[in-house]
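Here are some notes for your bench copy of this entry, set out as numbered points. Please read them with the structure open beside you.

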There are 2 protein chains.
Amino acid sequence: MTPTPPHPDDDHCPASPAEHPLPDGGAVRLTSKDIGRLVGVSQATVSNAINRPHLVAPATLAAIERVMADHGYSVNSSARALKSGIGKALGVVVLDVANPFWGEVVKGIETVTAPGRIPLIIGSSNEDAETESAIFQSFESQGVRGILVAPTPSNLPLLRRFRAKGIQVVLLDSEDPQGEFPSISLDHAAGAELAAAYLRDGGHREVALVNGSPDISWCASRSRGFHAGFAGVADARIHEISRTAMTVEEGRQSVDVLLELLKQHPPITAVFCTNDMLALGVLKGLHERGIAVPGDLSVVGYDDAVFAELLSPGLTTVHQNATAIGRAAALLMTLDAAVPQAPEPLQPPHLVVRGSARSLR
Amino acid sequence: MTPTPPHPDDDHCPASPAEHPLPDGGAVRLTSKDIGRLVGVSQATVSNAINRPHLVAPATLAAIERVMADHGYSVNSSARALKSGIGKALGVVVLDVANPFWGEVVKGIETVTAPGRIPLIIGSSNEDAETESAIFQSFESQGVRGILVAPTPSNLPLLRRFRAKGIQVVLLDSEDPQGEFPSISLDHAAGAELAAAYLRDGGHREVALVNGSPDISWCASRSRGFHAGFAGVADARIHEISRTAMTVEEGRQSVDVLLELLKQHPPITAVFCTNDMLALGVLKGLHERGIAVPGDLSVVGYDDAVFAELLSPGLTTVHQNATAIGRAAALLMTLDAAVPQAPEPLQPPHLVVRGSARSLR
DNA sequence: CTGAAAGCGCTTACAG
DNA sequence: CTGAAAGCGCTTACAG
């Protein structure tokens, strides 16, 4: 039930229903000049009413607002951006929009940009430096005010050039060795080291590391941290498997490699996946092959995605607060006038122990 | 470890070490006129080189392209959009970016927009009609070429007005009773009916339905379909629980209500959640309370999110291909010139039976 | 094949 | 408090 008949109101718009959806001549979009004419004031006054209402006489202001509302007027951002030099949209590059972790990050960004207030232009790089660079160019072209990204090192020069042009750059979930860009930096190495220490203390020596591209700075950091956790353990061996994308499907496919490693002597006893999507894929592949987790193989992930707790077995993984990351990064941007917003402290990563990894002792 | 210092510089203006990232006078952004001057041709020729290269002499074209590349020139989309009337960005409103299902939908859209080619402006409505309408306005303001959305019925008039202004509207994952907008319509009612039939045939009579807002058209459809599946079963009773958001957290909270229903006589024996996030939350809440699934209560979801298969128990859920939905919707848009792209057939929803629901017989 | 000129809708000093 | 005018960077007929 709940038919909710859509209002058949089509007031001042000559849009006959079920007719030419895109009649070149039919597109009626009012301008501020039109609004001015309708109210009987100049375009400048309309502009003032929108941008500096305190400069406009209350009665005039009310009249203008009324007419704007009646006609559904909305300012043309293109014209505004062209005139004022910079738009207000923000560009966000994520590894993969379909990855829940990045979804959470974007959600965190939205808590400060408020959908409808500051537009977010989002693109997935899919771990490809060229795609990332193409997205950057399109952002610049769109006149974004700033860019939030965990960039591929090879694209850093491009970002420097953008900054020189006045585009704010905030490094998201990334490392900035030079400290040249404002960035919220998560300690990926420390997180991965936590996972390594847990496995090491559990007696694992022959382990696999399923990672994304080493070109992604934080993938490299996680690898580094993982190795650090095993440093000094003479008989430890880490088999690194690099995948082109950090998706469930790639994780599943990496199981073939894992199978080989399982046949070696000594066989691997544990796998560390540098994100939970990869871990989910590995778990699926292992499940399909009838390999028991953690009986035959221990699995540890990274991110603590929303589903990690309820997988079977529960995924032991490194937790980091994705929403907080997005939020903190967005707060590093100078959004409106020049209101500097307070940065927020971020929790360090910690390991959430569940059932997918066991001790060998 | 983990210093993670959100840079101590509160004023992100002169943020970086001994530098001015945003010096008002330092912003160097070349225009097509600059490029023309550098090459020794007019601005019009530069514009032609960019937009109609066949009109330009090969040598001139090469020289222009060279200079543009050398200086990292990118066209100012604001100016272009202002001049040519319409931008090329697309606006997408999702229920919640953090919901993996919607992430997949966006990913499907990206397969046709190609990140870096057509910018995607994305906003989460969080099931709120006013937020949705604010997002729409900002899209219009940004001069989007089209909008992809599963709208709240109350915002349909706004969309009609947009269409009259030449903005394409494609209904995503929604129903369009009047058939007034191009839309890819999934049969939500049929999918929910599948779930209901499964529960009904399993002997369930007292069931709960955890749903989102009835204002969301497809939530209403799923409810309708679910009821339809039980139509004619005299002793069946459906307890509908409506949540303000279809998130894991809301699902978890709905367990309190479920608990009450479990105490009644006769108690409920099954719960149908209208998306997998809600189901995940219900599963979590039930797990925390020590209520066995499917022993004490059967749970069925909707979407077949990527994690559904590996939950414990595996989630029985209605499958629909999110990526295909996004892709099909995007193909319904006239993107570039006027190249109408072929729509793609969509699979009807089907039930994936796993372990979270049992038969009472 | 190339260039001069107009104008998209807005904001911004500057007068009044 | 309000308006006339300039100009943001581009594209588009229109001449040449």
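The points below take up a strand and its surroundings, and then a cavity.

1. Please keep in mind throughout that this is a predicted model, and that the remarks below rest on values computed from it.

2. Strand S2 of chain A, which covers residues 120-124, is mostly covered, with five of its five residues buried. In a regular strand the side chains alternate between the two faces of the sheet. In S2(A) the residues on one side are A:Leu120, A:Ile122 and A:Ser124, those on the other are A:Ile121 and A:Gly123, and both faces are covered, since every one of these residues is buried.

3. The pairing of this strand is also worth following, as strand S1 of chain A (residues 90-94) runs parallel to S2(A) and is joined to it by five bridges. Within this pairing, A:Val92 has A:Ile122 of S2(A) as its bridge partner. Together with helix H5 of chain A (residues 100-113), S1(A) and S2(A) form a β-α-β unit that is right-handed.

4. Which residues line the second largest cavity? The lining is drawn from both chains, with A:Val94, A:Val97, A:Trp102, A:Gly103, A:Val106 and A:Ile122 from chain A, and B:Val97, B:Trp102, B:Gly103, B:Val106 and B:Ile122 from chain B. The elements that contribute two or more residues to this lining are H5 of chain A and helix H5 (100-113) of chain B.

5. The structure holds 10 cavities of 30 Å³ or more, and the second largest has a volume of about 80 Å³. Its lining comprises nine nonpolar and two polar residues, with no charged residues.

Definitions and conventions. Residues numbered from 1 in each chain as written. Chains lettered and ligands numbered in written order. Predicted model: local features only at pLDDT ≥ 70, side-chain atom pairs only at ≥ 80, totals over all residues. Heavy atoms only, no water. Buried < 20%, exposed > 50% of the residue type's maximum accessible area, 1.4 Å probe, protein only. Helix = DSSP H or I, 4+ residues; strand = E, 2+ residues; numbered from the N terminus. Pairing = 2+ DSSP bridges. Right-handed = clockwise from strand over helix to strand, strands pointing away. 1 Å grid on protein atoms, 1.4 Å probe; cavity = no way out; pocket = protein on both sides within 12 Å on 5 of 7 lines; lining within 4 Å. Points joined across faces, edges and corners; volume = space filled by probe spheres on them. Nonpolar A, V, L, I, M, F, W, Y, C, P; charged D, E, K, R; others polar.
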